[in-house]
Amino acid sequence: MNRVRVKFVSRRQLKLSYLQHLSKGGIFLRTDAPLAVGDTVLVAMELPDGQLVEVHGHVIHIQNDPPGMNVRFLDFAPEKVRVFEAFLRRNRTVMPEPEKVKTAPPPPGLEELAQALRRLLWLSADATALDSYNHYQVLGLSPEANGEDIRERCMLLRILLDPGAPPDGMSDPRRILALLYRVAEIEAVLTDPPRRAQYDAAKLGILR
C-alpha cells in the first residue's frame, strides 16, 4: 500500500487544511507524481506537537494546477477527528481583549467648581500671605496688562470672595474681608496711572 506522510508545521497550516479538507473527510496532497484515481493510500499526518494520526483513503481526483491529488478518507473515525479538534482547541490563539476605555466621570459644572474654590478660600484665607507677591502676580496678569483686564480680574476675585454668600458651614467672614480689602487696594493702585507708575518703579523697576 502506498504511504504518504504529511507534516503540519504550524497550527495555522493545520487549521486551514482542517477547514478546507479534513473536516469534510479528505485531504489534498500536493505532489508532482500523483497516484492513479482509485488507488489506496495510507496518509500519516503529523500534528505540530508531534502526534501522528494515520488514515486510510483512496484517490478520487487528480489535478494539474497546482499538481496533486484529492484523497477521500475511508476510516476517519470520530476518535481520530477528536485528535485534530483537541489540538486546535488547545492551541488556539487567544486574542487579547480590547483594553477597556476608562471613561472619566463627567466634569463638575462651573457652579460646583466655583463653590469648591470659594470653600478653599474661606478655609485658607490669609491676606498677609499676599505680601510675598506683587500685585500682578496676585491677579495672574503681566505688568503690561491694561486697565480693563485689571478691573475684570479684580471683579472675578470679588465674586469669589463675596462675604454675603458664604459657602455652606462657613460663617466667619473676617479673613475674607481682609482679602477683599487687599484686592480693592490692588485695583485702586493699578487702575490709577500715577500710582501704578510709582508702584511699578518701586517694586519692579519698571519706568512708565
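This report walks through the fold, the sheet, two of the helices and an aromatic cluster of the protein shown above.

**Overall layout**

Please keep in mind that this is a predicted model. The protein holds seven helices and five strands. Following the chain from its start, you meet these elements in the pattern β-α-β-β-β-β-α-α-α-α-α-α. The radius of gyration is 43 Å, well over the 17 Å that the globule rule gives for 208 residues, so the protein is more spread out than a compact globule. Its C-alpha atoms fill a box of roughly 115 × 45 × 25 Å along the principal axes.

Two further values help to describe the chain. Of the 208 residues in the protein, 31% are buried. When contacts between residues at least 6 apart in sequence are considered, 64% of them join residues at least 24 apart.

**The sheet**

The five strands form an open sheet in the order 1-3-4-5-2, and their pairing is mixed. Strand 1 (2-7) and strand 2 (26-30) are at the edges; each has a single partner strand, so one side of each lacks a neighbour in the sheet. From one strand to the next, the twist averages 40 degrees.

Strand 3 is a good place to look at the pairing in detail. With strand 1 it runs parallel, and six bridges join the two. If you want a landmark there, find R3, which stands opposite L42 in strand 3. With strand 4 (residues 52-64), strand 3 (residues 40-46) runs antiparallel, and seven bridges join this pair. Two landmarks here are A44, opposite E54 in strand 4, and T40, opposite H58 in strand 4.

Strand 3 and strand 4 make a hairpin with five residues between the strands, where G50 takes a positive phi near 95 degrees. Is strand 3 mostly covered or mostly open? Strand 3 is mostly covered, with six of its seven residues buried. Helix 2 (residues 78-90) lies across strand 3 and strand 4, and its direction is at about 90 degrees to strand 4.

**Helix 1 and its buried side**

Which residues of helix 1 (residues 11-20) are buried? They are R11, L14, S17 and Y18. These residues cover an arc of only 135 degrees around the axis, which puts them on the same side of helix 1. Strand 2 and helix 2 are among the elements that cover the buried residues of helix 1.

S17 gives a closer view of this side. S17 sits in helix 1 and is buried, with a relative accessible area of 12%. Apart from its neighbours within four places in sequence, S17 is in contact with F8, L22 and I27.

**The aromatic cluster**

Now for the rings. The structure holds three aromatic pairs. For F73 and F76, the ring centres are 4.9 Å apart and the planes are at 50 degrees, so this pair is tilted. For F76 and F84, the ring centres are 5.8 Å apart and the planes are at 70 degrees, so this pair is edge-to-face. Through ring pairs, Y18, F73, F76 and F84 are linked into a cluster. Y18 is also one of the buried residues of helix 1.

How buried are the three phenylalanines? The cut-off used here is under 20% relative accessible area, and the table gives the value for each one.

| Residue | Relative accessibility | Class |
|---|---|---|
| F73 | 8% | buried |
| F76 | 17% | buried |
| F84 | 0% | buried |

**Putting it together**

To find your way around the structure, start at strand 3, which pairs with strand 1 in parallel and with strand 4 in antiparallel fashion. Then look at helix 2, which lies across strand 3 and strand 4. Helix 2 is also part of what covers the buried residues of helix 1. From Y18 in that buried set, you can move on to the ring cluster that Y18 shares with F73, F76 and F84.

Terms used: Residues numbered from 1 in each chain as written. Predicted model: local features only at pLDDT ≥ 70, side-chain atom pairs only at ≥ 80, totals over all residues. Heavy atoms only, no water. Pairing = 2+ DSSP bridges. Helix = DSSP H or I, 4+ residues; strand = E, 2+ residues; numbered from the N terminus. Axes fitted to C-alpha atoms, helices over the stretch in contact; angles between N-to-C directions. Contact = heavy atoms within 4.5 Å. Buried < 20%, exposed > 50% of the residue type's maximum accessible area, 1.4 Å probe, protein only. Arc of directions from axis to C-beta. Phe/Tyr/Trp six-rings, centres within 6.5 Å; stacked < 30°, edge-to-face > 60°. Rg over C-alpha atoms; globule rule 2.2 N^0.38 Å.
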